[in-house]
Amino acid sequence: MSTDLHETPLPGVMVVRDVLQGTLGREVTVATGGPMVDPGTGGGALVGVYVDRFLKLSALMLFDFPLAARAGAAIGLTPPVGADIAIEERDLPNSLLENASEIFSIAISFFNTGGARHLSLDRCYAPGEALPNDIAKWIFAHIRRVDLKVTIKGYGDGHLSVLVI
């Protein structure tokens, strides 16, 4: 996909899989057709906010609660049971939250390609944390997005949404 200086690319399924697999150090399967990640249900969502050099909101990435817990555990080499307990109790320990947020930093490579404008991770909102209106309004907007089901070998499934604004 060709991009100009003003267009932020939407990552393809293989790019998402390759970045997650490389980051987590284990097999990851990614499939299209996942539901839109909703921060208001199922324990919430981890939301990464990406901005351009003028601090203009440019992209969002959301991990549903199960994916935040499972990816956070996988990158930290925590046994899967730690993620399972967090999911069951709907309580994401700080260690899993920090680990999953680190994935959002690495995933900046989804957007910073070719001649596209440079984005940076501005902030992560923890599951259950209130989102400002200027961010929340985009979650279900009809904009360029990809909604994926992610399976981390040995840890389980979750859902990921990437939105380009």
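## Exercises on helix H2, Thr23 and the overall fold

At the start of H2, the backbone nitrogen of Leu67 has a side-chain oxygen of Asp64 within 2.9 Å. The structure is a predicted model, and the exercises below work outward from this helix.

**Exercise 1.** Determine whether helix H2 (residues 65-75) is largely enclosed or not, and describe what lies at its two ends.

*Solution.* Begin with the cut-off, by which a residue is buried when its relative accessible area is under 20%. Applied to H2, this test finds 10 of the 11 residues buried, and the helix is therefore largely enclosed by the rest of the structure. The buried set comprises Phe65, Pro66, Leu67, Ala68, Ala69, Arg70, Ala71, Gly72, Ala73 and Ala74. Turn next to the ends: at the start, the side chain of Asp64 supplies the oxygen that reaches the backbone nitrogen of Leu67, while just after the helix Leu77 adopts a positive phi of about 55°.

**Exercise 2.** Place Thr23 in its helix, decide whether it is buried or exposed, and list what its side chain and the residue as a whole reach.

*Solution.* Locate the residue first: Thr23 belongs to helix H1, which covers residues 13-24. Its relative accessible area is 18%, and because the cut-off for buried is under 20%, Thr23 counts as buried. Within the polar contacts, the side chain of Thr23 comes to 2.7 Å from the backbone oxygen of Val19. An α-helix has 3.6 residues a turn, so residues three or four places apart point the same way. Finally, once neighbours within four places in sequence are set aside, Thr23 is in contact with Ile75, Ile103 and Ile106; of these, Ile75 lies in the residue range of H2.

**Exercise 3.** Work out which order the elements of the protein chain follow, and why its radius of gyration agrees with that of a compact globule.

*Solution.* Count the elements, which are 5 helices and 6 strands, and then read them from the N terminus as α-β-β-β-α-α-α-β-α-β-β. For 165 residues a compact globule would have a radius of gyration near 15 Å, and the chain has 15 Å, so the two agree. The C-alpha trace spans about 45 × 35 × 25 Å along its principal axes, and buried residues form 47% of the chain. As a last step, consider the contacts with a separation of 6 or more, of which 68% join residues 24 or more positions apart.

**Exercise 4.** Describe the surface and the charges of the protein chain.

*Solution.* The accessible surface is about 7,800 Å², with 54% of it belonging to carbon and sulfur atoms. The charged side chains number 13 positive and 18 negative, and the centres of these two sets are 5 Å apart.

Note on methods:
Residues numbered from 1 in each chain as written. Predicted model: local features only at pLDDT ≥ 70, side-chain atom pairs only at ≥ 80, totals over all residues. Heavy atoms only, no water. Helix = DSSP H or I, 4+ residues; strand = E, 2+ residues; numbered from the N terminus. Rg over C-alpha atoms; globule rule 2.2 N^0.38 Å. Buried < 20%, exposed > 50% of the residue type's maximum accessible area, 1.4 Å probe, protein only. Contact = heavy atoms within 4.5 Å. Areas by Shrake-Rupley, 256 points an atom, 1.4 Å probe, with all protein chains shown as cover. Lys, Arg positive; Asp, Glu negative; His and termini not counted. Charge placed at Lys NZ, Arg CZ, Asp CG, Glu CD. Polar contact = N/O pair within 3.5 Å; in protein donor to acceptor, adjacent residues only side chain to side chain.
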